[in-house]
Amino acid sequence: MEAKEINPNIDRNEKVISIRGLKKAFDDFEVLKGVDLDLYKGENLVVLGRSGTGKSVLIKIISGLLYGDEGSVNVLGKEVGALKPRELDALRLKIGFSFQNSALYDSMTVRENLEFPLVRHAKEMGEAEREELILYVLEAVGLSQAINQMPSELSGGQRKRIGIARTLILKPEIMLYDEPTAGLDPITCIEINSLINEVQQKFNTSSIIITHDLTCARAVGDRVVMLLDGQFQREGTFDEVFESNDERVQSFYNYNFID
Amino acid sequence: MDLNKDKPGTAPTRRRYVTTRRLDRIFVELANIYRFNARFFKEVWFPPYEFREIIKQCYEIGVRSLPLISLTGFIIGIVFTNQSRPSLADFGATSLLPALISVAIIRAIGPLVTALIAAGRVGSAIGAELGSMRVTEQIDAMEVSATNPFKFLVVSRVLASTLMIPALTMFTTLVSLLGGYLNVHQNELTSLSVFFYQVFDAITFLDIIASSVKSVIFGFTIGMVGCYKGYNSSKGTEGVGKAANSSVVTAMFLIFIEELLIMQVINAIRAF
């Protein structure tokens, strides 16, 4: 598979996320050991690493679901750890979080899932306008026919798409994808990768994509960082990252990547 | 992770528990329960109010429990009347049956049976639903979309349960009395008006107030326990099962304790 062409619209002068010296431990196990990371406007940044290395913890800290033990996490100019609940909610409206297992609300239809954030955060919006927006994001993910279905009636790939549509409905500036291709067949993976790139172009988002799927990393990443032993050890384009002689990097490539 | 477990090949580390491991866990659990309750009382007063969700939960808890509650209440009324008759008959006092049924059902059986059935049906459903939402990250999804999941899920369910259990209790009491009436009518040929005259003659205003207050407390307990267990369930499907199970067991245990305490208070008021 061809590596992605780097998005020419990335603004290297504008950091939307800036993390310095982030540490996080669970009991005695230190997951993140002083992580530094920048995400630039318009960029798709892929965070690679083996399972259990703290990739998901990192984006949960960015979205304020978890708190770091040390270090600073600055998102869109706001220090996440220092925000009051209302300020954190205001920031969260600018962040879209696509969960690994989609996290669609089981008891609601697709329409109700998409309406859920709208009725709470876009109260000024009329019913017709709301309906129009729902159809727009459903079309953007190619699933307008699923509007009245329940999540249990959808396939894994469709659930992922609806999950992404739900995050897009509030027009976020930042997208956080947690293992977007986990558990999907290769064809659906390619479709999801294309969707991530389309979202970047169409909605002008900056994204962090957490994955251990190298096909996904190559297809969507403008820049790739590799998390090893709680710190980012490699950074660059996909090819630059895997030019390393580091045995851990090479074993990750050899055992996981099918070209 | 077990904090006190020494890593292989290292010298034993100092134990980190303030008291013992079990006591520490109990204290932490008590603190969490206190914080959970305090959060409810803090959040219940302030907007946004999730009226649609409250009404939906009222329907789930109230209307959907009606068939089970009706059947159980009716059978209890018949059985209780039937079982009480021989004892009264020994003293030639079967005419006191409506009064006995009235006192027993309104003061104790109605609220208690309703609460126990609701703990089984509603408590387990809330525990399992919220547990499953926690495990599948639906609660996290609400949080990152800047929606307060505590308000949407917990406050609405606890309010619905607190409102609906008293209503169900009234209904159970009425249906149980009807069951009792059918039995009394069949055996003693008592008319409906005489039966209900004796029923209301035997109870006081305090009985009705006590029964209502009790059922409000039971409803709050069922909702709160189910939400606490589900909302804080540990990861994994096993956690969902445990949340559902412990919601029922804990709620039933607390209902009996509350029944005992409230009974003492009411008796003290009655004596006063």
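**A buried valine, an open sheet and a chain contact**

Leaving aside neighbours within four places in sequence, B:Val248 touches B:Ala119, B:Gly120, B:Gly123 and B:Ser124, where two residues are in contact if their C-beta atoms, placed from the backbone, lie within 7 Å. The structure is a predicted model, in which local features need pLDDT of at least 70 and side-chain atom pairs count only at pLDDT 80 or more, while totals for chains, interfaces and linings use all residues. Residues are numbered from 1 along each chain as its sequence is written, and chains are lettered from A and ligands numbered from 1 in the order in which they are written.

B:Val248 belongs to helix H9 (residues 237–271) of chain B; helices (H or I, at least four residues) and strands (E, at least two) are DSSP runs, numbered from the N terminus. Between the C-alpha atoms of B:Val248 and B:Ser124 there are 5.7 Å, although these residues are 124 residues apart along the chain. Is B:Val248 buried or exposed? B:Val248 is buried because 22 other C-beta atoms lie within 10 Å; the term buried asks for 20 or more such atoms, exposed for 12 or fewer, and partly exposed covers the range in between, with C-beta atoms placed from the backbone.

Chain A offers a sheet to explore. Its four strands form an open sheet in the order S2-S1-S4-S5, with antiparallel pairing; two strands pair if DSSP finds at least two bridges between them. Strands S2 (29–41) and S5 (78–79) of chain A stand at the edges with a single partner strand each, so one side of each has no neighbour in the sheet. Strand S1 (residues 11–26) of chain A is joined to S2(A) by 10 bridges, and A:Asp11 has A:Lys41 in S2(A) as its bridge partner. Five bridges link S1(A) to strand S4 (residues 70–75) of chain A, where A:Ile19 is partnered by A:Val73. Two bridges then connect S4(A) with S5(A), and A:Val75 stands opposite A:Lys78. These two strands, S4(A) and S5(A), make a hairpin with two residues between them, and A:Leu76 in the turn has a positive phi of about 50 degrees.

The two chains also meet. Their contact takes 18 residues from chain A and 12 residues from chain B. On the side of chain A that touches chain B, the elements giving two or more residues are helix H2 (85–92), strand S6 (95–98) and helix H3 (110–121). H3(A) supplies the largest share of that side, three residues.
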